[in-house]
Structure formats: structure tokens, C-alpha cells
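Open the model in your viewer and keep the sequence panel visible. The stops below say what to select next and what is there.

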Amino acid sequence: MRKTRWALLVLLASAIAVVVAGYYISRKRNLMLAPLQPAPLPAELHSLAKNWTWSHSSKDRPQVEARAGDFRQVRDSSRFELGEVELKIFAKSGDTFDRVRSKKAEFDQPAERLYSEGEVTIVLDLPAHGPPVPGRRYLEIRTSGLTYDNKTGRSSTDRPVAFQFEDGEGRSVGAEYDSPNRYLWLKQDVEVLSGGLRIQAGELHYREG
């Protein structure tokens, strides 16, 4: 009887061990297969996203397209914080666009206004359909503290500006560019080097076409 009792106890203990082991194995497997829980949203943010896009059209014609690798909307605010930003501002014809790139920017959606405190690169008159023309040097502008107002289509800054074009380069302090009307105003202390010539002016106005 004693041997039988011990045998039953051993069998019972083995059965319990198998059940417990199976439970932990199953629990570990379920944890491994369970989808990762997202990190909690910071208290100061309303939303957080990757690969954000925004666009505005007029009469079935694209007017502006904005993209950002990172998007953060501040709580109780219409302000968006954007990272790795690219802005395309289309000409009235829709055949060309001006490209604006910046590492960081803030976007006020109701005002349709974008501001970049850091460095900004602008390339003018790129083709909207197909790649850039091989060998052509497009007008490129570098500055910081840039504001783009979508309601007027104007980009402006009061900070130093450096630019390069087909036959030369130049600089100024402050600039404003009216994209729909292809009008550039270099505000002050303008210097242009082109074809071996140096041009200096208090300000410079230029309109394409």
C-alpha cells in the first residue's frame, strides 16, 4: 500500500509539474506573439505621426504640397512641429514648382503658414512632370528664419541669404519671393558675381519672364 501511495504522489506531482510548465511555456509564447504596445503619447502632444502630408489645390490645380518625415501636434494648439520637411509650391501653370527643404519647421494650419528657424534650401523652377533637366543649374537659395504664407504664396526672411544660379552666385540680407508671380526681392546689401563681373546694390528686384 505504501509503495502504491508513493507512486500516486509521484504521478500527481509530475502531472502538476507538467501543467505548470505548460502554463509558463504558453504564457511566454503568447507574450512573444502579442503585438508591441505603442509608447504613451507625451502629455504636451495631441498627436504624433510619421510621413505626414498636406496639400492645397485651386480649381483642380495643385497649389502647394507639404511632406514631413515626422509630425507632432501640440496639445490645445493649431501648431504642428515637423521634421525633414519638403514643400512644393507650384507655378500658376502647374508646369513647374519651387522646392523648399528644411530639417525642422512649424506649421500653423488655420493660418496656412510655415516657419523654419534653421537652415532652409530653396530651388526654383523645377519641372513638375519628369526629372530636372540634365546639366542645368537651377537657381538655389540658402537662408534661415524663413516664413512661407500659403495664402499669398510668398516666402520671406530678414536674415542673410546666399544664392547660386547658372552663371554665378550672390548674397544679400533679407529676401522675399512671390512664387505665383515669379518675383524676387533682395532687400539690402546685395552682391552678385556673374561672368567675372561684381554687382553691388542696396536692394534688387527681379521678375522672371
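## The main core

In this predicted model, start with the largest nonpolar core, which has 29 residues. Select Trp52, Leu82, Leu87, Val100, Phe107, Leu114 and Ile122, the residues with the most contacts inside this core. Then colour strand β3, residues 79-90: five residues of the core come from this strand, the largest share. In soluble globular proteins, nonpolar side chains tend to be buried together.

Centre the view on Trp52 and show its surroundings. Leaving out residues up to four places away in sequence, Trp52 touches Ala66, Arg67, Ala68, Phe71, Phe80, Leu82 and Phe107.

## A second core

Now select Phe90, Phe97, Leu126 and Tyr138. These belong to a second core of five residues, separate from the main one.

## Aromatic pairs

Show the aromatic rings next; the structure holds six aromatic pairs. Begin with Phe80 and Phe107, whose tilted rings are 6.3 Å apart centre to centre, with 40° between the planes. What does this pair tie together? Phe80 lies in strand β3 and Phe107 in strand β4 (residues 96-108), so the pair links parts that are 27 residues apart in sequence.

Are the two rings of this pair in buried or exposed residues? Phe80 has a relative accessible area of 6%, and Phe107 has a relative accessibility of 4%. Both values are under 20%, so Phe80 and Phe107 count as buried.

Move to Phe90 and Phe97, another tilted pair, with 5.7 Å centre to centre and 50° between the planes. Phe90 and Phe97 are both buried.

Add Trp52 and Trp54 to the selection with Phe80 and Phe107: ring pairs link these four residues into a cluster.

## Charges over rings

Keep Phe97 in view and add Lys88. The charged end of Lys88 sits over the Phe97 ring, 5.0 Å from the ring centre. For another case, go to Trp185 and Lys187, where the charged end of Lys187 sits over the ring of Trp185, 5.5 Å from its centre.

## Asp98

Select Asp98, which is in strand β4. Why does Asp98 count as buried? Its relative accessibility is 1%, under the 20% limit, so Asp98 counts as buried.

Which partners does the Asp98 side chain reach? One is the backbone nitrogen of Asp125, at 2.9 Å. Another is the side chain of Arg182, with which the side chain of Asp98 makes a polar contact at 3.3 Å.

Now show everything in contact with Asp98, leaving aside neighbours within four places in sequence. The contacts are Leu87, Lys88, Ile89, Val123, Leu124, Asp125, Tyr177, Ser179 and Arg182. Lys88, in this list, is also the residue whose charged end sits over the ring of Phe97.

## The whole chain

Zoom out and switch to a cartoon view. The protein chain has one helix and eleven strands. Along the sequence, the pattern is α-β-β-β-β-β-β-β-β-β-β-β.

Colour by accessibility: of the 209 residues of the protein chain, 32% count as buried. With a surface drawn, the protein chain exposes about 13900 Å², and carbon and sulfur atoms supply 56% of that area.

Finish with a contact map. Among contacts in the protein chain with a separation of 6 or more, residues 24 or more positions apart account for 41%. The Phe80 and Phe107 pair, which joins parts 27 residues apart in sequence, is one place to look on that map.

Methods
Residues numbered from 1 in each chain as written. Predicted model: local features only at pLDDT ≥ 70, side-chain atom pairs only at ≥ 80, totals over all residues. Heavy atoms only, no water. Core = buried A, V, L, I, M, F, W, Y, C linked by side-chain atoms within 4.5 Å. Buried < 20%, exposed > 50% of the residue type's maximum accessible area, 1.4 Å probe, protein only. Helix = DSSP H or I, 4+ residues; strand = E, 2+ residues; numbered from the N terminus. Contact = heavy atoms within 4.5 Å. Phe/Tyr/Trp six-rings, centres within 6.5 Å; stacked < 30°, edge-to-face > 60°. Lys NZ or Arg CZ within 6 Å of the ring centre and 35° of its normal. Polar contact = N/O pair within 3.5 Å; in protein donor to acceptor, adjacent residues only side chain to side chain. Areas by Shrake-Rupley, 256 points an atom, 1.4 Å probe, with all protein chains shown as cover.
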